[in-house]
2 protein chains.
Amino acid sequence: MTEHLTIGAFARRTGLSLKALRRYDESGLLVPDAVDERTGYRYYSPAQVNRARQISLLRRVEMPLAQIADLLATSDPVAASETLLGWWAEQERLLTHRRGTVDYLLDQWRRAPEEPFQVEVRSAPERTLATITSRVLQADLVATLVENVHRLREHLTASEAVVTEEWWAIYHGVVSPDSDGPLEVCVPFEGLVPPVGRIAIRIEEGRTEAYAPISAAQCSYPRILHAYDAVTDWVRRHGEPTGPPREVYRVPWPEDPTAYVADIALPYREAPW
Amino acid sequence: MTEHLTIGAFARRTGLSLKALRRYDESGLLVPDAVDERTGYRYYSPAQVNRARQISLLRRVEMPLAQIADLLATSDPVAASETLLGWWAEQERLLTHRRGTVDYLLDQWRRAPEEPFQVEVRSAPERTLATITSRVLQADLVATLVENVHRLREHLTASEAVVTEEWWAIYHGVVSPDSDGPLEVCVPFEGLVPPVGRIAIRIEEGRTEAYAPISAAQCSYPRILHAYDAVTDWVRRHGEPTGPPREVYRVPWPEDPTAYVADIALPYREAPW
DNA sequence: CTTGACCTTCCCCGTGGGGGAAGCACCAGA
DNA sequence: TCTGGTGCTTCCCCCACGGGGAAGGTCAAG
């Protein structure tokens, strides 16, 4: 049982190709037990079959070689299991997000005449805001919004400021699985409030903004992208944006999914043309 | 609005990188509206933004460029939707199968001392078989088994042959998401039966086979791989395989998941050593 | 000894880009 | 009109993860 296997025999036993085995040798992931110095022939030991099969399986689920190396370097099987599980959870998360993107594309094609969005213009006054800025991936977006609004409201009411239902989120960067903002959650108020921890207090200048009201049903990804598209297109036709887009929530979340829940707003300046 | 956009402006509007845009130009997937012959500058039209954004979204879900080209060449949005949906279903199917592979690996690490399989040897007599051979991917495996056994039994009983509960499936090739057999479903019988349609009648020689009995719980992917491993290892230690492995079902499917349901069998010859 | 199967290295191919160098092109301000 | 700075061009090399195949050396059985 201590005999050596040639690369071909080893390939048949493990389900790996010759090309793959040579590459894994090169990269150090799976080095033959012995290499004939004269001929360069690779000889594998039967004891290596197990590792090779694990590599084969991990490649079948498309784990990168570098991560396979890390994983198999973990001696503790419990830790290895957790690493693998974590990686796999990430794969499932990615798939879930992609499903949303596919849905959006299907939306565009299927009901081609998507109900149009009313884009309006309004002048927003200067306001004093309490804000929390964070980098967040799409998966954690809703939780982050809810949590930060709650923290801001708690701080403001504890400071005896006057707050309303109104709040908004400014997307300084794209929030997607590949990109994490930054995202600034804002609650406007009246009063005198100190900053604390990650809560900043700042003045937001007055501005003109184009906005589209959306319903609760339209507010979830990916349908919300249609509203962004509509506002962005409108602004491009009438002028140019002067800042990042935002979602403005002005009422409590309604029961009725067709009821108004928020505005997608984009500050802009009219074109000189 | 009929102005041309430089590649940089177009990139910002569409979320595609300069590199990507140049590559899409090269490959014909997204050719600029105009190219200055003298300078080589690419100029895109605003009307191309839509196509570019679709490409961007499809790339985010990792659809290959060639398939994106096909998809966007489809003029009928209904047909395009169906193509996209079909492709997406395939992605989900792949993920489901990969989850099985991951589970198998976790199995190996977590309960390291997997209950060992009893590998026995038996001599199988020559039999007359009715068989259906088909190429099938892992996803359709169970349905194919059930359906083909049913068709074979129907034909045999209609021909007044004597059949028992026993049947088996011979895996002439690996059945996985990447590989589709061939798979031969066999029902042994006594009597005189003509072939019909895809049903073949053949003699199977007697042979010696190593086998491991498994329970219903062990029969589903990926746990069943452990049984295959056990038999294959045993055979390698005692001789060499003389044919493809099979799953032999000898009793009706039991209620109790821990009850015996099948054998994983591998014909083999004793080693000359 | 021959022959066929098996092994070696080497290079090019693919996909979908990223990084960066070298060299023009464009536009605004002085 | 010159001069930046920015933007655009091509070109080449790089990544992962191999597949395909050429050219040539090796092994083992008949």
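**Figure 1. Polar contacts between chain A and the phosphates of DNA strand D.** In this predicted model, a phosphate oxygen of DNA strand D lies 2.9 Å from a polar side-chain atom of R59(A). The side chain of R38(A) also takes part, with an N or O atom 3.2 Å from a phosphate oxygen of DNA strand D. At L65(A), by contrast, a backbone N or O atom is involved, and the distance to a phosphate oxygen of DNA strand D is 3.1 Å.

**Figure 2. Elements that form the surface near DNA strand D.** Two or more residues each are given to this surface by α2 (18-27) of chain A and by α1 (7-14) and α2 (18-27) of chain B. The largest share comes from α2(A), with four residues.

**Figure 3. Residues around DNA strand D.** There are 20 residues around DNA strand D, and those that come nearest are K19(A), R23(A), T6(B), R22(B) and Y41(B). By type, the residues of this surface comprise seven nonpolar, six polar and seven charged. On the DNA side, 68% of the strand D atoms within 4 Å of the protein belong to sugar or phosphate, and the rest belong to bases.

**Figure 4. The relation between chain A and chain B.** A turn of 179 degrees, with a shift of 0.1 Å along the axis, lays chain A on chain B with an RMSD of 0.2 Å. This is the relation of a two-fold axis. The C-alpha of L95(A) is the one in chain A nearest the axis, at 4.2 Å from it. Both copies use the same surface, as 97% of the contact residues of chain A recur in chain B.

How values were computed:
Residues are numbered from 1 along each chain as its sequence is written. Chains are lettered from A and ligands numbered from 1 in the order in which they are written. This is a predicted model: local features need pLDDT of at least 70, side-chain atom pairs count only at pLDDT 80 or more; totals for chains, interfaces and linings use all residues. Side-chain values use heavy atoms; hydrogens and water are left out. Copies are superposed by least squares on the C-alpha atoms of residues with pLDDT of at least 70 in both. Contact means heavy atoms within 4.5 Å. A residue is near a molecule or strand if one of its heavy atoms lies within 4 Å of it. A polar contact is a pair of N or O atoms within 3.5 Å; within protein, one must be able to donate a hydrogen and the other to accept it, and residues adjacent in sequence count only if both atoms are side-chain atoms. Ala, Val, Leu, Ile, Met, Phe, Trp, Tyr, Cys and Pro count as nonpolar, Asp, Glu, Lys and Arg as charged, and the others, Gly among them, as polar.
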